Amino acid sequence: MKFFDMHVHSAFSEGESSVMQLAQRAKELGYAGICFSEYFEGRARLEQLKAETAAAQRATGIEILLGFEARNTQELRRLVELRRMFDVLLAHGGDIAMNRAAVETREVDILTHPEHGRYDGGMNHVMARLAKENGVAIELNFREILTSNKKTRSRVLENMRDNVALARKYKAPIIVCSGAVSHAELRDPLSMTSMAQLLGMTPVEAKTALSSVPQSIFDKAGKRKDGKWVMPGVEIVK
Amino acid sequence: MKVLPSTQRGKHRYVRFQVLSEEQVEFSDLDAALWNTALDFYGERGVAGMDLWLVKNLYDSSKQIGIARCAHTAVPALLACMGLLARLGDVRVAVKILKVSGTIRGLGKN
């Protein structure tokens, strides 16, 4: 079974490790692919990032995708306009308006940590249904658990459990990611799927969240590059 | 004391793992960190049900490969706990799970 980590920050945005260090550690841990989720800072930086990820892919042999994370609704609209220039679009969840905008936008692949900084899960049944319709995966971010403790961690886990239950009820895709900002924060795939099981997922659901769901995002990114993709739901068939 | 018949013994699973770190990690630090992480996450009652044990004489300090034992129902709990191990003192660590088996022999060699 192939595992993928779709939310990793390198030193290009808020990370501490280089693209190569992260790719090497991901390969060491047994991942088949990772996605760097950075913040968009202009086309020159984009080309530099593409060059580095291509070099890391050649050196390690794992698949590497380039993603950008929108931090607010304004940035989300801008990244949707630039959608063809990169592989994966993530939306930084936590704010209700941002969570709602993300699940309503078909170009978005992942809504990251919708419960971030909140006393609730940041999702309701309407958003779960929209996530299912628009193919937006709801993220369980391991770093949110790793970097909290005591009461905060209990609340984070509780909110994640609520999101798992909602996503299961309305059949929205769930994805498990490390959210790592350094190579030392990348986690073994089995540890991540085990944590997902503790949050109420079955073993099959947990493995799907780390393999099939990110694989489908990789496949979509591949179609986007091959020239047949026009917009979400529209493809050229010769 | 007489050994329990095999049908009355607890069912265990053994996990072979490797510690990835920038500096050498001693067994005593790893043992303390794993227990503290488990206790913080699951509490005393939760850890009591895990039957957790880190096998001392099977820890290879040069390759940093060790074997942990747990109850057969507690494997996801142990693996999640290993995922929560982020630091041993000042050293940042990550745990790579190599194999899970019902016997130490079934884990194979390092």
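What follows is a walk through the predicted model of a complex of chains A and B, from overall confidence down to single residues.

Because this is a prediction, local features are taken at pLDDT of at least 70 and side-chain atom pairs only at pLDDT 80 or more, while totals for chains, interfaces and linings use all residues. Residues are numbered from 1 along each chain as its sequence is written, with chains lettered from A and ligands numbered from 1 in the order in which they are written. The predictor gives the complex an ipTM of 0.83 and a pTM of 0.89. For chain B, the mean pLDDT (the predictor's confidence in each residue, from 0 to 100) is 93, and 100% of the residues reach 70 or more.

Chain A holds 10 helices and nine strands; here helices (H or I, at least four residues) and strands (E, at least two) are DSSP runs, numbered from the N terminus. Chain A has a radius of gyration of 17 Å, close to the 18 Å that the globule rule gives for 238 residues, so chain A is as compact as a globular protein of that length. For that comparison, the radius is taken over C-alpha atoms, and the rule is 2.2 Å times the number of residues to the power 0.38. Along the principal axes, the C-alpha atoms of chain A fill a box of roughly 40 × 40 × 30 Å. Buried residues make up 47% of the 238. A residue is called buried if 20 or more other C-beta atoms lie within 10 Å of its own, exposed if 12 or fewer, and partly exposed in between, with C-beta atoms placed from the backbone. As for contacts (C-beta atoms, again placed from the backbone, within 7 Å), 68% of those in chain A with a separation of 6 or more link residues 24 or more positions apart.

Chain B comes with two helices and five strands, running β-α-β-β-α-β-β from the N terminus on. Its radius of gyration is 14 Å, close to the 13 Å that the globule rule gives for 110 residues, so chain B too is as compact as a globular protein of that length. The box for the C-alpha atoms of chain B is roughly 45 × 35 × 25 Å along the principal axes, and buried residues make up 29% of the 110. Among contacts in chain B between residues at least 6 apart in sequence, 70% join residues at least 24 apart.

The strands of chain B form an open sheet of five, in the order β2-β3-β1-β5-β4, with antiparallel pairing; strands count as paired if DSSP finds at least two bridges between them. At the edges sit β2 (53-54) and β4 (87-88) of chain B, each pairing on one side only. Further in, β1 (residues 12-21) and β3 (residues 65-71) of chain B pair in the antiparallel sense over seven bridges, and B:Tyr14 has B:Arg69 in β3(B) as its bridge partner.

Back in chain A, β3(A) and β4(A) pair in the parallel sense over four bridges, with A:Ala70 standing opposite A:Ala91 in β4(A). Strand β4 (residues 88-92) of chain A is mostly covered, five of its five residues being buried. Both faces are shut off: A:Val88, A:Leu90 and A:His92 lie on one side, with A:Leu89 and A:Ala91 on the other. Just past β3(A), the loop between β3 (63-70) and α3 (73-81) of chain A holds A:Asn72, which counts as partly exposed with 14 C-beta neighbours inside 10 Å. The C-alpha atoms of A:Asn72 and A:Asn99 are 9.7 Å apart, though 27 residues separate them along the chain.

The largest nonpolar core (buried Ala, Val, Leu, Ile, Met, Phe, Trp, Tyr and Cys residues joined through C-beta atoms within 7 Å) has 93 residues, and those with the most contacts inside it include A:Ile34, A:Ile174 and B:Leu78. Helix α2 (residues 75-83) of chain B gives the most to this core, six residues. Leaving aside neighbours within four places in sequence, A:Ile174 is in contact with several residues, among them A:Ala137, A:Leu140, A:Val164 and A:Val213.

At the interface, 16 residues of chain A are in contact with 15 residues of chain B. On the chain A side, α1 (19-29), α6 (142-146) and α8 (189-198) each supply at least two residues, and α8(A) has the largest share, seven. By class, that side has nine nonpolar, four polar and three charged residues; Ala, Val, Leu, Ile, Met, Phe, Trp, Tyr, Cys and Pro count as nonpolar, Asp, Glu, Lys and Arg as charged, and the others, Gly among them, as polar. Eight of the 10 residues of α8(A) are buried, so this helix is largely enclosed by the rest of the structure. After α8(A) comes A:Gly200, with a positive phi near 110 degrees.

Definitions and conventions
Contact = placed C-beta atoms within 7 Å.
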